[in-house]
Amino acid sequence: MLKKLTTLVLTLVFTLFTLVNAANAQEQESADIAALANGEPFAIMFDNANFSGQAVVVTSDILCFTDENFNDKLSSVIVQNGSFTLFSDCDFGNPSVTIDEKGGVNGGAYTSADWLGGRNDYYSSIRVNR
Ligand SMILES: [Ca+2]
């Protein structure tokens, strides 16, 4: 009986956890879309060159890419709106390269590390330049 109850409670907790996570993800997605539509700073970082692999949306400062499981992974980035500075260390340590909506191959398309100071899988934080 106790074992069944424990299983039931664990199942409920897991279901609740899953529901809350889904709601948070949806909320974040809505906020990202609003930022893009309003012309606010908006970029998407990618693990691989030419905008593929793991993607991380940037609409505000990210202190440390480890929080996004993205540390030392950046290989390409699209800047849709605004200007950003990439740093080689967490907490905005050692500023390295500034990217904006007009740079890269054209119109904010940074297709590879060649456009990111030649440093592949290197950056650890990003700040919005306002
Ligand atoms: Ca990479």
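Q: What makes a run of residues a strand or a helix here?
A: A strand is a DSSP run of E with at least two residues, and a helix is a DSSP run of H or I with at least four residues, both numbered from the N terminus. In this predicted model, aspartate 121 lies in the loop between strand 6 (109-110) and strand 7.

Q: Why does aspartate 121 count as exposed or buried?
A: A residue is exposed if 12 or fewer other C-beta atoms lie within 10 Å of its own. Aspartate 121 has 11 C-beta neighbours inside 10 Å and therefore counts as exposed. Aspartate 121 also has a positive phi of about 50°, although it is not a glycine.

Q: How is the exposure of asparagine 69 decided, and where is its place?
A: With 10 C-beta neighbours inside 10 Å, set against the limit of 12 or fewer, asparagine 69 counts as exposed. Asparagine 69 is found in the loop between strand 2 (52-58) and strand 3 (76-81). Its phi is positive, about 55°, although asparagine 69 is not a glycine.

Q: How do you know whether the length of helix 1 agrees with the expected span?
A: At 1.5 Å a residue, the 36 residues of helix 1 should span 52 Å; the end C-alpha atoms are 52 Å apart, so the two agree.

Q: What makes helix 1 "hardly covered"?
A: Burial requires 20 or more other C-beta atoms within 10 Å, and the count of buried residues among the 36 residues of helix 1 is 0. Alanine 22 lies in helix 1 (residues 2-37) and counts as exposed because it has 10 C-beta neighbours inside 10 Å. Helix 1 is followed by glycine 39, whose phi is positive, near 75°.

Q: Why are strand 4 and strand 5 called paired, and in which sense?
A: Pairing needs at least two bridges found by DSSP. Strand 4 (residues 83-89) and strand 5 (residues 93-100) have 6 bridges, in the antiparallel sense, so they pair. Threonine 85 has threonine 98 in strand 5 as its bridge partner. The two strands form a hairpin with 3 residues between them, and aspartate 91 in the turn has a positive phi of about 60°.

Q: How many bridges join strand 4 to strand 7?
A: The two strands run antiparallel and are joined by 5 bridges, which meets the requirement of at least two. Phenylalanine 84 stands opposite valine 128 in strand 7.

Q: What separates domain 1 from domain 2?
A: The domain assignment gives domain 1 (1-38) and domain 2 (40-129). Their centres, taken over C-alpha atoms, are separated by 29 Å. The contact takes 4 residues from domain 1 and 5 residues from domain 2.

Technical notes:
Residues are numbered from 1 along each chain as its sequence is written. This is a predicted model: local features need pLDDT of at least 70, side-chain atom pairs count only at pLDDT 80 or more; totals for chains, interfaces and linings use all residues. Domain bounds come from an automatic or database domain assignment. Two residues are in contact if their C-beta atoms, placed from the backbone, lie within 7 Å. The expected span of a helix is 1.5 Å times one less than its number of residues.
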